[in-house]
Amino acid sequence: KARARGRRKPIESANETTTFHGKVFKDYQDRTYMHIPHELKSGPAPDLKCYIPKKCIHTWGGHAKAVNRIEFFPKSGHLLLSGSMDHTAKLWSVHGQRTLLRTYKGHTGAVRDLNFNYDGSKFMTCSYDRYVKMWDTEYGRCISRHTSKKLPYCVRIHPTAEKQYECLVGQGDKTIVQWDTRADEITQKYDEHLGNVNTVTFVDEGRRFISTSDDKKVFVWEYGIPVVMKHISEPDMNSMPAVAVHPNGKWWIGQSLDNTIRVYTCGTRFKENVRKIFKGHSNAGYACQLGFSTDGRFVISGDGRGRCFFWDWKTSKVYKRLQCHDKVCIGAAWHPILPSRVATCSWDGTIKYWD
């Protein structure tokens, strides 16, 4: 048996294919779907005020199985990317017709996490087939594929333009690895956690990052230096399988598995704000994605019963509960420009758009 175990068959990558679902790839002005519509070009207004959505205005159904993760196109939000248990990632148009634009196939396992680079021209997916792949958003080509033979749980591309070819992958072997996607090599290993690494989140303009793990600890690292800068570990803490950073960059929140959301400062101290705790939802056992409204006034999170919760950031009171899905509402994301648009995704295989 031991001899057979030593001869494990190598992990093989699936062939990458892509399907364009639109009618025409380029319009009469030779522009593809990457072109940002005129009204979203200028970015959010300086006096932007966000409001809580009330009704569902669109439902995207195209995934055959549960949707794990959604992410809006950076800065403009005119496209939406989703990763699913049916082994595919799909790109949807949010503006105009709201159709399915492209399907990216290239994994033999469920897509666990995905992440756009700083300008949305590329994105990365990580999957249970142990591969992390970088894709061209516009043409659907797979640019590079990487595996360390371990299960990747999360992937994050460096948020600056200079280092957009570098990414961090949190793995099931308790380490975080830093890939150079051009050379297909691991340039750094961050090895301090005692459990699966659930999230990696860049703060402080990419100079530092926060990692959370099943060992119920939170570590803060300087990017590129494999020594923990700050340990956050309390006896009453729970594991935090989802993290989000406030738009002003001074705070970050973690989805704690005791049905609360905990608040911490960014900067030098990374201290918990004990007076700010968001309660009311039931997320125990689910890694529900959370986030902020663009103006930072509201906190948003899915929950285990298919609801989406909105809290007031200042008072930490529940503002609204929306019954969004029949199954777990695993993902919720606020549109980066339009003030009251929210997308949610669920294990029932649908993505809904709220206004």
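In this predicted model, Tyr165 touches Trp179, Asp180, Thr181 and Arg182, leaving aside residues up to four places away in sequence. The residue sits in the loop that runs between strand 11 (152-157) and strand 12 (166-171). With a relative accessible area of 23%, Tyr165 is partly exposed; the value lies above the 20% under which a residue would be called buried. Among the contacts of Tyr165 is Arg182, and this pair can be followed in some detail. Tyr165 and Arg182 are 17 residues apart along the chain, while their C-alpha atoms are separated by 6.6 Å. Their side chains are joined as well, through a polar contact of 3.4 Å.

From this loop, attention can turn to the nonpolar interior. In soluble globular proteins, nonpolar side chains tend to be buried together. The largest nonpolar core of the model has 16 residues. Trp60, Ile70, Phe72, Leu80 and Ile351 are the members with the most contacts inside this core. Two or more residues each come from strand 3 (67-72), strand 27 (329-334), strand 28 (342-346) and strand 29 (350-354). Of the contributing elements, strand 3 gives the most, with 3 residues. Leu80 offers a good view of the surroundings: this residue touches Trp60, Ile70, Phe72 and Ile351, and its contacts also include Glu71, Lys90, Leu91, Trp92, Val94 and Ala343, again not counting residues up to four places away in sequence. A second core, separate from the one just described, has 15 residues, including Tyr33, Leu79, Leu81 and Cys142.

Two open sheets are worth a look next. One is built from 4 strands in the order 15-16-17-18, with antiparallel pairing. At its edges stand strand 15 (197-203) and strand 18 (228-232); each has a single partner strand, so one side of each is left without a neighbour in the sheet. On average, neighbouring strands here are turned by 20° against each other, direction ignored. Within the sheet, strand 16 (residues 208-213) pairs with strand 17 (residues 218-222) in the antiparallel sense over 5 bridges. A handy point of reference is Thr212, which stands opposite Val218 of strand 17.

The other open sheet also consists of 4 strands, arranged in the order 19-20-21-22 with antiparallel pairing. Here the edge positions belong to strand 19 (243-245) and strand 22 (272-279); because each has a single partner strand, one side of each lacks a neighbour in the sheet. The average turn between neighbouring strands of this sheet is 25°, direction ignored. Strand 19 and strand 20 (residues 251-256) run antiparallel and are joined by 3 bridges. Val245 stands opposite Trp252 in strand 20.

Charged side chains complete the picture. Side chains of opposite charge can pair when their charged atoms come close. The structure holds 17 salt bridges. One of them joins the side chains of Glu16 and Lys133, with an N to O distance of 2.7 Å. This pair links distant parts of the chain, 117 residues apart: Glu16 lies in the loop between helix 1 (2-6) and strand 1 (17-20), and Lys133 lies in strand 9 (residues 132-136). The partners also have contrasting surroundings. Glu16 counts as partly exposed at 24% relative accessibility, whereas Lys133 is buried, with a relative accessible area of 0%.

A salt bridge also brings together the side chains of Asp27 and Arg31, at 3.1 Å from N to O. Here Asp27 is partly exposed, with a relative accessible area of 27%, and Arg31 is partly exposed at 29%. Asp113 and Arg69 form a further salt bridge, at 3.0 Å from N to O. Asp113 belongs to strand 7 (residues 111-116) and Arg69 to strand 3, so the pair ties together parts that are 44 residues apart in sequence. Both Asp113 and Arg69 are buried. Strand 3 thus appears in two settings, giving 3 residues to the largest nonpolar core and carrying Arg69 of this salt bridge. Finally, Asp204, Glu205, Arg207, Arg208 and Glu222 are joined into one network by salt bridges that share partners.

Definitions and conventions. Residues are numbered from 1 along each chain as its sequence is written. This is a predicted model: local features need pLDDT of at least 70, side-chain atom pairs count only at pLDDT 80 or more; totals for chains, interfaces and linings use all residues. Side-chain values use heavy atoms; hydrogens and water are left out. A nonpolar core is a set of buried Ala, Val, Leu, Ile, Met, Phe, Trp, Tyr and Cys residues joined through side-chain atoms within 4.5 Å. Buried means under 20% relative accessible area, exposed over 50%, partly exposed in between (1.4 Å probe, protein chains only). Contact means heavy atoms within 4.5 Å. A polar contact is a pair of N or O atoms within 3.5 Å; within protein, one must be able to donate a hydrogen and the other to accept it, and residues adjacent in sequence count only if both atoms are side-chain atoms. Two strands pair if DSSP finds at least two bridges between them. Axes are lines fitted to C-alpha atoms, for helices over the stretch in contact, and angles run from 0 to 180 degrees between N-to-C directions. A salt bridge is a side-chain nitrogen of Lys or Arg within 4 Å of a carboxyl oxygen of Asp or Glu.
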